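User: I have a model open and want to see how its helices pack. Can you walk me through it?

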Amino acid sequence: MNETMLDWDDLRLFLAVARLGGLSAAASATGKSAPTLGRRMLALERRLGQELFERTARGYALTPDGEDLLASVAGLENRIRPLVNDKNEWAGPLVKVSAGIWVTHVLCERVSYIAGREPVRLRFIADDATLEIGHREAVIGIRNHRPFDTRLAGRSIGEVRFAVYALDKSVTGWARVRGTTPSAQWVQAKPRTNEDVEITQPRNALDLAFAGSCRAVLPTFIGAKFPQLERISPPITDLTHDQWLVTHHEDRFLPEVRSVINRTLKVLQENCMN
């Protein structure tokens, strides 16, 4: 175990943030600025290879790892050394990548390449809801527009198109995803048929298309992967959008984040621009 890996001052600041639930209150208690505290907490997480906080608009909430650390170090300086165990020495820093269901599907297929040889842990967060990168809910996000927050940096990936797919044109029912994404709303506007099936997960639209039960609106980069499906519409103009890779302006200069950004960008440009 590397005994120089932890610094008691970092742990002291961690205790303030953990007990007070956020940077502003901890800044008043410690005399450190909120940005400084934020950077110190990120550095502590990277040293431990653990995610200690859930960062939300309401403040900093402890994760289970954070709760464990709080219980271990509260007022006990002589317990600093046992806090780092063997598994954390090789775990590496955590890089969270937030994207929609279909993009995450592509990233999972190339996970070994994206991780590279660096000691890094990847966490793919597949959700059509947009996580707050500014609050570090994710480190890297794949978004359908250029970032407007001045804390964020973005790189253009390219244009994403959608179309209707089915086993053949005789299929008339629709796979209707219950959700608020543009593709779900586009299908909701279509007249209903007796063959329609409602689903809660976009991935099941592909399953229904494979079964020959329904038409499915899919990104063309997904539909093109499956020769058994026929594209029965031209690209849907209303659903075409640009795609951006977004990260926090400061985080993008971290070596492990920079390497994941570059490889993720290459994977998406090669696989999501069909």
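User: Which residues in helix 1 meet helix 3?

Analyst: Asp 9, Asp 10, Leu 11, Leu 13, Phe 14 and Val 17 in helix 1 meet Leu 37, Arg 40, Met 41, Leu 44 and Arg 47 in helix 3. Contact means heavy atoms within 4.5 Å. Helices are DSSP runs of H or I with at least four residues, strands are runs of E with at least two, and both are numbered from the N terminus.

User: How many nonpolar, polar and charged residues has that contact of helix 1 with helix 3?

Analyst: The contact of helix 1 with helix 3 has seven nonpolar, no polar and four charged residues. Ala, Val, Leu, Ile, Met, Phe, Trp, Tyr, Cys and Pro count as nonpolar, Asp, Glu, Lys and Arg as charged, and the others, Gly among them, as polar.

User: Is this model predicted, and how are residues numbered?

Analyst: This is a predicted model: local features need pLDDT of at least 70, side-chain atom pairs count only at pLDDT 80 or more, and totals for chains, interfaces and linings use all residues. Residues are numbered from 1 along each chain as its sequence is written, and side-chain values use heavy atoms, with hydrogens and water left out.

User: Back to packing. Which residues in helix 1 meet helix 2?

Analyst: Arg 12, Leu 13, Ala 16, Val 17 and Leu 20 in helix 1 meet Leu 23, Ala 25, Ala 26, Ala 29 and Thr 30 in helix 2. By class, the contact of helix 1 with helix 2 has eight nonpolar, one polar and one charged residues.

User: And the whole chain: how many helices and strands?

Analyst: The protein chain has eleven helices and twelve strands. Of its 274 residues, 48% are buried (under 20% relative accessible area, with a 1.4 Å probe and protein chains only).

User: What about contacts far apart in sequence?

Analyst: Among contacts between residues at least 6 apart in sequence, 71% join residues at least 24 apart.

Technical notes
Buried < 20%, exposed > 50% of the residue type's maximum accessible area, 1.4 Å probe, protein only.
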